There are 2 protein chains.
Amino acid sequence: MSNVYDKAHELARTLRESDEFSNLKDLHEKVENDDVAKRMLDNFRQLQLELQQKQMQGQQPTEEEITQAQKQFEMVQQHETISKLMEEEQRMSTVIGDVNKIITEPLEELYGKPEEQ
Amino acid sequence: MSNVYDKAHELARTLRESDEFSNLKDLHEKVENDDVAKRMLDNFRQLQLELQQKQMQGQQPTEEEITQAQKQFEMVQQHETISKLMEEEQRMSTVIGDVNKIITEPLEELYGKPEEQ
Ligand SMILES: [Ca+2]
Ligand SMILES: [Ca+2]
């Protein structure tokens, strides 16, 4: 299995050296160093998390929570750095998802794709 | 990102060509082609799944279910092919987990390790 681990490290290195990772890192640092942007993003994520947890417990969000979430979403969308960061995070998340699919393909040969079960 | 995808495919190929994957595949086929072994393993997995789902819903398994699970576990442990298959599956699952850790290390630089949050 040492070849597999070598290849995994090569893949991680390629990811770390990609323009996409570099962009993501720059944007992340830019937000971390901007108190207003950081608070705005933290608040947004906190509210998203709370709404997710509610949903997972089968609870409906209140009308006020929905309005607040929409307002915060518009705010972060209008913030240039945050909206770019969120876009790059989405892109990276897609890549990681694709990579996971590629890597687990050999096992799908044995167990079938999850959607087929 | 094309390099990242290339490296992911190389990794998948290395995994597919490993002795561990080949062993897993042979054992999987051996069980699939043995009606008694297949039924034994299917029953065991079905019960494991039911107990997990109960636990996730916060329910305690009954004393009878625990006894049945232990009995089935002993049975599959004593079955040479099934116990070898489960061992190889455990090994593969560890490798996949390690690989995921290696690949997401670059992102941990930005967001911290999950256990630190
Ligand atoms: Ca399939
Ligand atoms: Ca850390």
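A: Start with a definition: two copies of a chain are related by a rotation about an axis and a shift along it. The model here is predicted.

Q: What turn and what shift lay chain B on chain A?
A: The turn is 180° and the shift along the axis is 0.0 Å, with an RMSD of 0.0 Å. That is the relation of a two-fold axis.

Q: Which residue of chain B comes closest to the rotation axis?
A: Look at B:Lys7. Its C-alpha lies 3.5 Å from the axis, the closest of the residues of chain B.

Q: How many residues does each chain bring to the contact?
A: Chain B gives 35 residues and chain A gives 35 residues. The copies meet through the same surface, because 100% of the interface residues of chain B are also interface residues in chain A.

Q: How do I read the buried area between chain B and chain A?
A: Take the total, then the atoms behind it. The two chains bury about 3,800 Å² between them, and 73% of that is on carbon and sulfur atoms. B:Met1, B:Ile102 and B:Leu110 supply 17% of the area that chain B buries against chain A, more than any other three residues.

Q: How many salt bridges and polar contacts cross the interface?
A: The rule finds four salt bridges. One joins the side chains of B:Glu109 and A:Arg16, at 2.6 Å from N to O. Ten residue pairs are in polar contact.

Q: Which helix gives the most to the side of chain B that touches chain A?
A: H5(B) does, with 16 residues. By type, that side of chain B holds 20 nonpolar, six polar and nine charged residues.

Key: Residues are numbered from 1 along each chain as its sequence is written. Chains are lettered from A and ligands numbered from 1 in the order in which they are written. This is a predicted model: local features need pLDDT of at least 70, side-chain atom pairs count only at pLDDT 80 or more; totals for chains, interfaces and linings use all residues. Side-chain values use heavy atoms; hydrogens and water are left out. Contact means heavy atoms within 4.5 Å. Buried area is the accessible area (1.4 Å probe) that two parts lose on being put together, summed over both. A polar contact is a pair of N or O atoms within 3.5 Å; within protein, one must be able to donate a hydrogen and the other to accept it, and residues adjacent in sequence count only if both atoms are side-chain atoms. Helices (H or I, at least four residues) and strands (E, at least two) are DSSP runs, numbered from the N terminus. Ala, Val, Leu, Ile, Met, Phe, Trp, Tyr, Cys and Pro count as nonpolar, Asp, Glu, Lys and Arg as charged, and the others, Gly among them, as polar. Copies are superposed by least squares on the C-alpha atoms of residues with pLDDT of at least 70 in both.
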